[in-house]
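Let's take a walk through this fold together, from the chain as a whole down to single residues. Have the sequence and the 3D view open side by side as you read.

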Amino acid sequence: MKKVFAICGSTRKDSTNHRYIEAVKKLLGNDIQITELDSLINIPHFNPDDDKDNVIDSVKDFRQQIVSSDGIIISTPEYAMGIPGTLKNAIDWTVSSSSFSRKPVLLITASSSGQKAHQSLIDVLNVIEADVDETNVLVSFAKTKIDDNNIITDAATKEALKKAVQIFQNKL
Ligand SMILES: Cc1cc2nc3c(=O)[nH]c(=O)nc-3n(C[C@H](O)[C@H](O)[C@H](O)COP(=O)(O)O)c2cc1C
C-alpha cells in the first residue's frame, strides 16, 4: 500500500486547509494510507546549530515521515503575502537531510488570494528537489469553495484538484 504524508500549513483548529486535505483524501481513494501531521506547532524554530548530531525528536519524526512516504500533500494558506512561518520553518529543517528529494508533492494553496505563497512554495519545493510539476493547485477564495462536510462546491476547483490528484497518484 502506498503511503502519503499530509502537512497542513495552518495550525488553526477549524482550518480550511485541513478540510482541503480531507477532501483530497476522498479523491485519493482507500488503497492509499494517508497520515496527517498532528501540528506544525511541535516543530521548534530552525537553528543550524541544532541541526547536527542531536536533532530533536519531533524533527527526526517529521523527516522520517517524509522519507518513508511515497508522496506528500501540503495544503496551506498565505500569510502576509508569503508562506506561513511555521510551514517554512518546518521545511527549513529538511534542507540538510534532503528529505524531500524526488518526492512527489501535491501542493494546494487554499487562501483568500494566495498567489505569492503558492509561487514561493513552488520555488522552495523545486530547490529542495521535490516534484510539484502539474500537481499544484491555487484555490483563491478557498473558504467559499468547500462546505462543512469537506465537499468541494466549486466545479472548476473540483476539476483542478481531481486532475492534480490523478497526476500525483500516478507519480507515487
Ligand atoms: C495573519 C494573517 C495574514 C493573512 N494574510 C493573507 C495574505 O496575505 N493573503 C491571503 O490570501 N490570505 C491571507 N490571510 C487569510 C488566510 O489565508 C485565510 O484566512 C485562510 O483561509 C486561512 O487558512 P486556514 O483556514 O487553513 O487557517 C491571512 C490570515 C492571517 C491570519
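Among contacts in the protein chain between residues at least 6 apart in sequence, 78% bring together residues at least 24 apart. Keep in mind that this is a predicted model. One pair to look up is Lys25 and Asn170, which are 145 residues apart in sequence and 15 Å apart in space, counted from C-alpha to C-alpha.

Now for the overall dimensions. A compact globule of 172 residues would have a radius of gyration near 16 Å, and the protein chain, with 15 Å, agrees with that. Along the principal axes, the C-alpha atoms fill a box of roughly 50 × 40 × 25 Å. Of the 172 residues in the protein chain, 40% are buried.

Next, try tracing the backbone. You will come across five helices and five strands in the protein chain, and reading along the sequence gives the pattern β-α-β-α-β-α-β-α-β-α.

How are the five strands ordered in the sheet? They form an open sheet in the order β2-β1-β3-β4-β5, with parallel pairing. At the edges stand β2 (32-36) and β5 (136-139); each has a single partner strand, so one side of each is left without a neighbour in the sheet. From one strand to the next, the twist averages 15 degrees. As a reminder, strands of a sheet pair through backbone hydrogen bonds, either parallel or antiparallel.

For a look at one pairing, go to strand β1 (residues 2-8) and strand β3 (residues 71-76), which pair in the parallel sense over five bridges. Here Ile7 stands opposite Ile74 in β3.

The helices deserve a visit too. Helix α4 (residues 115-127) lies across β3, β4 (105-110) and β5, and runs at about 160 degrees to β4. In helix α1 (residues 16-28) you will find Lys25, the residue we met earlier. Is Lys25 buried, exposed or partly exposed? Lys25 has 18 other C-beta atoms within 10 Å; a buried residue would need 20 or more and an exposed one 12 or fewer, so Lys25 counts as partly exposed.

Finally, turn to the ligand. Which of the 16 residues around the ligand come nearest? These are Ser10, Ser15, Thr16, Asn17 and Pro77. By character, the shell around the ligand divides into five nonpolar, eight polar and three charged residues.

Notes:
Residues are numbered from 1 along each chain as its sequence is written. This is a predicted model: local features need pLDDT of at least 70, side-chain atom pairs count only at pLDDT 80 or more; totals for chains, interfaces and linings use all residues. Two strands pair if DSSP finds at least two bridges between them. Helices (H or I, at least four residues) and strands (E, at least two) are DSSP runs, numbered from the N terminus. Axes are lines fitted to C-alpha atoms, for helices over the stretch in contact, and angles run from 0 to 180 degrees between N-to-C directions. Two residues are in contact if their C-beta atoms, placed from the backbone, lie within 7 Å. A residue is near a molecule or strand if its C-beta atom, placed from the backbone, lies within 6 Å of it. Ala, Val, Leu, Ile, Met, Phe, Trp, Tyr, Cys and Pro count as nonpolar, Asp, Glu, Lys and Arg as charged, and the others, Gly among them, as polar. The radius of gyration is taken over C-alpha atoms; the globule rule is 2.2 Å times the number of residues to the power 0.38.
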